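Please open the model in your viewer, with side chains ready to be switched on, and follow the selections below in order.

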Amino acid sequence: MVYDWFNRSAAPEAAAAEPEPESPSRSEDASEVSGQDDALAWAREAYARLKAQQETARESVEVAEPQALPVPAAVEPAEPMAPTAEPEAVTAPAPTLSLLELAAAQRAERLEALTAVAEPAAAEPVAPEPAVVEPASAEPQLGAFDDTFTWSAEVLAAQGKRVDQISLEEIDWLTRLRRGLEKTRQGFVTQLLENLGDDPLTPAVLDDLETTLLRADVGVQATDQVLEALRRRLNTEVVDPAEGIRFLKEQLRDLLETPIRRCDHPLLAPQRGRLNVWLLVGVNGVGKTTTLGKLANLAVRSGYSALIAAADTFRAAAVQQVQVWGERSGVPVIANPSANADPAAVVYDAIGAAQAKGTELVLVDTAGRLQTKHNLMEELAKVRRIVDKLAPDAVVESLLVLDASQGQNGLRQAMAFASAAGLTGVVLTKLDGSARGGVALAVASEAGLPIRFIGAGEGIRDLRPFNSFEFVEALLAG
């Protein structure tokens with residue numbers, strides 16, 4: 001079954017069979033996991049189901065493996081160079097390696113044999129070939145039944161998921177998200193709990209909370225909104241610490257959801273049956289090309305056809321970097337190898353190729369630019385005009401890639417780009433390397449831009465559509 005990560009559901013073929021059950025179960029699940037014992041039992045049941053699914057998948061791979069073993073016979077042509085070593089290399093990994101790893105090992109051996117015949121000295125560079133195995137090792141694996149798993153299961157249950165709807169992909173992502181926000185959470189939550197203590201909230205506690213929020217780069221406007229809501233609550237009732245944290249979570253989620261509610265589509269996903277063009281813009285070094293590669297991988301795994309336009313023709317080796325990302329995900333790349341080629345010409349070719357092949361998503365990598373560089377901003381406008389002219393019916397998104405570690409400087413970039421580049425959303429990257437994850441709230445409240453995707457790691461799977469509930473829960477996880 002293909003899981004559509006953009007829509008957080010099964011792909012249309014599987015989803016069509018059961019569109020209804022999700023919403024009616026929301027209240028049932030909420031009551032089902034209302035108590036600690038119920039939540040633990042619910043998590044245990046989810047874990048047991050996932051473990052059984054993984055065992056079934058492993059058994060099916062083991063059954064299929066013997067059929068793949070006759071393939072190594074094709075490697076025999078390497079007779080001149082120690083033919084006796086080859087059978088051992090092929091038979092040894094059979095019990096432990098997956099099909100993808102076995103195939104990669106066989107390719108490595110064939111390359112070694114060919115290069116050894118041509119030029120013996122060149123045999124050693126083949127060592128980096130295990131990089132091909134990377135996608136297989138990136139497959140999510142079910143870990144131990146620990147606090148991280150139970151937390152992830154509870155977050156999914158609170159969103160109305162049934163036990164049979166929990167997927168290993170979602171558990172794996174929530175684990176990565178919680179781990180990625182660790183640096184922000186360490187300072188933020190520790191200070192928050194110290195400020196709240198065990199006594200009801202007081203005006204003095206709110207003053208300390210204001211400092212805590214500002215240190216996490218939540219931003220002045222967002223901090224004022226949250227504190228104003230808390231003060232109004234204090235004027236009408238006594239608020240204990242637990243209720244204070246619940247109320248704080250509600251306020252933070254509301255801040256993040258406000259710009260999303262103003263959009264036509266709460267979830268940013270390619271529209272099937274139509275051409276979708278996503279432009280990735282931003283300053284140098286924020287991770288635009290890496291984000292583009294992860295989005296391409298996400299699209300392919302979600303069942304969409306994708307194509308990459310390597311329109312960053314200014315930065316050295318940018319085209320080669322995009323091509324590597326394309327190879328890792330099996331996504332074709334349209335590029336012009338000549339130096340300083342016209343980015344608009346690359347996009348022109350990419351749009352034409354996408355229309356000819358019926359491709360659903362075109363991802364456009366652009367050169368890093370400061371919002372103050374008028375000529376570069378004009379170049380971006382030219383690219384947009386090309387898209388509008390060639391594909392007037394296409395769904396076009398302009399996504400600003402922001403480095404979370406830049407904090408308030410990233411907020412200023414967002415506000416400047418929003419007016420100059422017609423932005424429709426933000427991709428927040430490098431959350432795992434920063435203690436300034438609160439900048440997401442500043443971008444949403446002050447720049448008024450919806451956060452569409454977040455990156456919480458360096459792996460190819462460490463980028464997902466933004467979910468305000470999961471983000472706030474991971475940010476304030478105890």
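In this predicted model, begin with the aromatic side chains, among which eight aromatic pairs are counted. Select Y47 and F145 for an edge-to-face example, in which the ring centres are 5.4 Å apart and the planes make an angle of 70°. Colouring by secondary structure helps here, since Y47 belongs to helix α3 (residues 36-68), whereas F145 sits in the loop between α6 (134-137) and α7 (147-158). The pair therefore ties together parts of the chain that are 98 residues apart in sequence. The two partners can also be compared by their accessibility: Y47, at 16% relative accessibility, counts as buried, while F145, with a relative accessible area of 29%, is partly exposed.

Next, select F466 and F471, an aromatic pair whose geometry is tilted, with 5.5 Å from centre to centre and 55° between the planes. Both F466 and F471 are buried. To finish with the aromatic contacts, select F6, W278, Y304 and F453 together, as these four residues form one aromatic cluster.

Now keep the rings in view and add arginine side chains. At W151, the side chain to look for is R178, which lies over the face of the ring at 5.1 Å from its centre. A second arrangement of this kind is found at W325, where R328 lies over the ring face, 4.6 Å from the ring centre.

The following stop is a helix, α18, which spans residues 439-447. How many of the nine residues of α18 are buried? Eight of the nine are, and the helix is thus described as mostly covered. To display the buried residues of α18, select V439, A440, L441, A442, V443, A444, S445 and A447. Moving along the chain, the residue that follows α18 is G448, and its phi is positive, near 65°.

The last part of the tour concerns charged side chains, and the structure holds 20 salt bridges. Select R176 and D462 as one of them, where the closest N and O atoms are 2.3 Å apart. R176 lies in helix α8 (residues 168-180) and D462 in the loop between β9 (451-455) and β10 (463-465), so that this contact ties together parts 286 residues apart in sequence. R176 and D462 are both buried.

For a salt bridge within one helix, turn to α12 (residues 241-261), where R246 and E243 are three residues apart, about one turn of the helix. Their side chains meet at 2.8 Å, N to O. An α-helix has 3.6 residues a turn, so residues three or four places apart point the same way. Is each partner buried or partly exposed? R246 counts as partly exposed at 46% relative accessibility, whereas E243, with a relative accessible area of 19%, is buried.

Stay on helix α12 and select R253 together with E473, whose side chains meet in a salt bridge of 3.8 Å, N to O. Because R253 lies in α12 and E473 in helix α19 (residues 468-475), the pair ties together parts that are 220 residues apart in sequence. E473 is buried, with a relative accessible area of 13%. As a final selection, show E169, R301, R461 and R464 at once, since salt bridges that share partners join these residues into one network.

Terms used:
Residues are numbered from 1 along each chain as its sequence is written. This is a predicted model: local features need pLDDT of at least 70, side-chain atom pairs count only at pLDDT 80 or more; totals for chains, interfaces and linings use all residues. Side-chain values use heavy atoms; hydrogens and water are left out. Rings of Phe, Tyr and Trp (its six-membered ring) pair if their centres lie within 6.5 Å; planes under 30 degrees apart count as stacked, over 60 as edge-to-face and the rest as tilted. Helices (H or I, at least four residues) and strands (E, at least two) are DSSP runs, numbered from the N terminus. Buried means under 20% relative accessible area, exposed over 50%, partly exposed in between (1.4 Å probe, protein chains only). A charge sits over a ring if NZ of Lys or CZ of Arg is within 6 Å of the ring centre and within 35 degrees of the ring normal. A salt bridge is a side-chain nitrogen of Lys or Arg within 4 Å of a carboxyl oxygen of Asp or Glu.
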